[in-house]
Amino acid sequence: MYVGFVSMAFAGFVMAADFSKASNKELIDIAGSIPPSDVPSYHAEVKNRTQEMTVKEARELKEKIKNQEQKVFDKMKVKDFKARKETVSKAFDEFCKDPK
């Protein structure tokens, strides 16, 4: 139930690919379930936020994001994970060519 609520509550963030209004907790909660095309924007937002944090705060945020991603990815089939990874890589290539 909670996951469904979280998914619905953050659909606006994900669809718009504007993560600047999301709290750190919200960024952690959606980690790993972001559409591949929005992952570069997500990573850019995390990078921007960590620049203003202490090293300890930044490390803790990144660890929480990594742990949440791992929980999501652990439930995926290997072929689905590889396909996602490839799609994310292409999204980063496009993002680097034409950052939004």
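**Group meeting talk: helices, salt bridges and a pocket**

Okay, let's start with helix α6, where the buried residues are R84, V88 and A91. If you look down the axis of α6, those buried residues fall within an arc of 60°, so they line one face of the helix. Now flip to the other side of α6, and you find exposed residues: V78, K79, K82, K85, K90, C96 and K97. Before I go on, please keep in mind that this is a predicted model.

How long is α6? It has 20 residues, and from its first C-alpha to its last it reaches 29 Å, close to the 28 Å expected at 1.5 Å a residue.

Let me zoom out for a second. The protein has six helices and zero strands. So if you read the elements off from the N terminus, you just get α-α-α-α-α-α. And how much of the protein is buried? Of its 100 residues, 32% count as buried.

Next up is α5. The 20 residues of α5 should span 28 Å at 1.5 Å a residue, and the end C-alpha atoms are 28 Å apart, which agrees. Which residues of α5 are buried? Those are A58, L61, I65, Q68 and E69. Around the axis they cover an arc of only 100°, which puts them on the same side of α5. The other side of α5 has V55, K56, K66, K71 and D74, and these are exposed.

Here's a general point to take with you: an α-helix has 3.6 residues a turn, so residues three or four places apart point the same way.

While we're on α5, let me show you two residues that sit in between buried and exposed. E63 is found in helix α5, and with 42% relative accessibility E63 counts as partly exposed. Have a look at where I28 is: E63 and I28 are 35 residues apart in sequence, yet their C-alpha atoms are 9.5 Å apart in space. K64 lies in helix α5 too, and K64 is partly exposed, with a relative accessible area of 49%. For K64 the partner to look at is N24, which is 40 residues away along the chain, with 9.9 Å separating the two C-alpha atoms.

Right, salt bridges. Side chains of opposite charge can pair when their charged atoms come close. How many salt bridges does the structure hold? There are five, and I'll walk you through some of them.

One of them is in α6, so we're back on familiar ground: the side chains of E86 and K90 meet in a salt bridge, at 3.4 Å from N to O. Both E86 and K90 lie in helix α6, four residues apart, about one turn of the helix. Is E86 buried or exposed? Neither, really: at 49% relative accessibility, E86 counts as partly exposed. K90, at 52%, counts as exposed.

Another one is between K25 and D29, where the closest N and O atoms are 2.9 Å apart. Helix α3 covers residues 24–30, and because K25 and D29 are four residues apart in it, about one helical turn separates them. Check D29 for accessibility as well: D29 has 19% relative accessibility and counts as buried, because the cut-off for buried is under 20%.

Then there's the salt bridge where the side chains of D18 and K21 meet, at 3.5 Å from N to O. Here D18 is partly exposed, with a relative accessible area of 32%, and K21 counts as exposed at 65%.

Last stop: the second largest pocket. How much space lies in it? About 210 Å³. The elements that give two or more residues to its lining are α4 (39–51), α5 (55–74) and α6 (78–97). Which helix gives the largest share of the lining? That's α6, with four residues. If you want to click through the lining yourself, select G32, I34, V39, Y42, H43, E69, F73, F81, R84, K85 and V88. By class, that lining has six nonpolar, two polar and three charged residues.

And some of those names should ring a bell. R84 and V88 line this pocket, and they are among the buried residues of α6 that I opened with. K85 is in the lining too, though K85 is one of the exposed residues on the other side of α6. From α5, E69 is part of the lining, and E69 is one of the buried residues of that helix.

That's my tour, thanks for listening!

Notes. Residues numbered from 1 in each chain as written. Predicted model: local features only at pLDDT ≥ 70, side-chain atom pairs only at ≥ 80, totals over all residues. Heavy atoms only, no water. 1 Å grid on protein atoms, 1.4 Å probe; cavity = no way out; pocket = protein on both sides within 12 Å on 5 of 7 lines; lining within 4 Å. Points joined across faces, edges and corners; volume = space filled by probe spheres on them. Nonpolar A, V, L, I, M, F, W, Y, C, P; charged D, E, K, R; others polar. Salt bridge = Lys/Arg side-chain N within 4 Å of Asp/Glu carboxyl O. Buried < 20%, exposed > 50% of the residue type's maximum accessible area, 1.4 Å probe, protein only. Expected span 1.5 Å × (residues − 1). Arc of directions from axis to C-beta.
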